[in-house]
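Here is a friendly walk through one protein model, for a reader who likes to see the cut-offs next to the claims. Please keep the sequence and the 3D view open as you read.

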Amino acid sequence: MTTTAVRGDVPARSAEELEELARIAGPDLELAPAELIVAWAVEQFGERFCVTSSMGDAVLADIAGKVAPGIDVVFLDTGYHFAETIGTRDAVEATMPVNLVTVRPEQSVAEQDAQHGKDLFRTDPDRCCALRKVAPLQDALAGYDAWATGLRREETHSRVIAPVVGWDARKRKVKVSPLARWSADDVDRYIAENGVLVNPLRYDGYPSIGCWPCTQRVAPGEDARSGRWAGTGKNECGIHL
């Protein structure tokens, strides 16, 4: 099913108005298809709505591009990505009807090393994620009232209660998770049926892909996110906390 929505200028709303909208819409859209959730967000927020993607695959970008061609897809270039991830981003930009927005941290990796010590990802991974992911995304979302993420409930215990539409109190934005109810099989089925771009690392033992220093291959049968920050007790970068 393809639902085409038209983007346009929508007046900015207060945080109170946005929170109330999310509170009402979440239950109403809980069982809606991902395409309709995205279409609702486009109708409500117009150009003040964007999609984010880590480029593990282009499923959410594909859905959003079909619903609202030209929609902003925000990608965080941390400076530590695998070459395959950057290649997937470039392929999405070249072949899909979306406006790819690449966001980078305030400091380069070399500048961060100089100020905080070499390889902060090893000495203080939470601080590294805060500087290279959380803060840049916060800045990038300043011009939007709502953002969509590919978060799925089955990925980690901390995500099992994620609503399809909710209020992100930290960012003071409406957070839309069209794929929240999807399983890994649902993702794979959509990829196969729609010929969606996939990061090649997905087929090389990396079911969950982050920055290369903090991502390891996962053995068959292991938890998909067990290769992220392995051995540190860390399982989230902070974006979804």
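A residue is called buried if its relative accessible area is under 20%, exposed if over 50%, and partly exposed in between, using a 1.4 Å probe and protein chains only. By that scale C50, at 0% relative accessibility, is buried.

A word on the ground rules. This is a predicted model, in which local features need pLDDT of at least 70 and side-chain atom pairs count only at pLDDT 80 or more, while totals for chains, interfaces and linings use all residues. Residues are numbered from 1 along each chain as its sequence is written, and side-chain values use heavy atoms, with hydrogens and water left out.

**Parallel strands and their crossovers**

Helices (H or I, at least four residues) and strands (E, at least two) are taken as DSSP runs and numbered from the N terminus. Two strands count as paired if DSSP finds at least two bridges between them.

Let us begin with strand 2. Is this strand mostly covered or exposed? Mostly covered: 6 of its 6 residues are buried. I71, V73 and F75 point one way from strand 2, D72, V74 and L76 point the other way, and all of them are buried.

On one pairing, strand 1 runs parallel to strand 2, joined to it by 2 bridges. Here V51 stands opposite V73 of strand 2. Between these two strands the chain passes through helix 3 (residues 59–67), and this β-α-β crossover is right-handed. Right-handed means that, with the strands pointing away from the viewer, the path from the first strand over the helix to the second runs clockwise.

On another pairing, strand 2 (residues 71–76) and strand 3 (residues 98–103) are parallel over 6 bridges. V73 has L100 as its bridge partner in strand 3. The chain gets from strand 2 to strand 3 by way of helix 4 (residues 83–95), again in a right-handed β-α-β crossover. I71 also has a bridge partner in strand 3, namely V98.

**Some residues in loops**

The table gathers four loop residues with their places and accessibilities.

| Residue | Loop | Relative accessible area |
|---|---|---|
| G46 | between helix 2 (34–45) and strand 1 (49–52) | 1%, buried |
| M55 | between strand 1 and helix 3 | 1%, buried |
| R172 | between strand 5 (165–168) and strand 6 (173–176) | 46%, partly exposed |
| P178 | between strand 6 and helix 8 (184–194) | 3%, buried |

Backbone angles add something for two of these. Most residues other than glycine have a negative phi. M55 is not a glycine, yet has a positive phi of about 65°. R172, also not a glycine, has a positive phi of about 60°.

Chain separation and spatial distance can be set side by side for the other two. G46 and A146 are 100 residues apart along the chain, and their C-alpha atoms are separated by 9.6 Å. P178 and H81 are 97 residues apart along the chain, with 25 Å between their C-alpha atoms.

**A cavity and its cysteines**

On a 1 Å grid over the protein atoms alone, a cavity is a set of points where a 1.4 Å probe fits but cannot get out, and its lining residues have an atom within 4 Å of a point. Grid points are joined across faces, edges and corners, and the volume is the space filled by probe spheres set on the points.

How many cavities of 30 Å³ or more does the structure hold? It holds 1. The largest cavity has a volume of about 120 Å³. It is lined by 14 residues, of which C129, K133, C211, C214 and W229 are the closest to its centre. Helix 7 (residues 125–140) gives the most to this lining, with 5 residues. By class, the lining has 9 nonpolar residues (Ala, Val, Leu, Ile, Met, Phe, Trp, Tyr, Cys and Pro), 3 charged (Asp, Glu, Lys and Arg) and 2 polar (the others, Gly among them).

What about bonds between cysteines? A disulfide is taken as a pair of cysteine sulfur atoms within 2.5 Å, and a search of the whole structure finds 0 of them. Why is C214 not bonded to C211? The C214 sulfur is 6.3 Å from that of C211, the closest cysteine sulfur, which is too far for a bond. C214 counts as buried, because its relative accessibility is 16%.

Note on methods. On a 1 Å grid over the protein atoms alone, a cavity is a set of points where a 1.4 Å probe fits but cannot get out, and a pocket is an open set with protein on both sides within 12 Å along at least five of seven lines; lining residues have an atom within 4 Å of a point.
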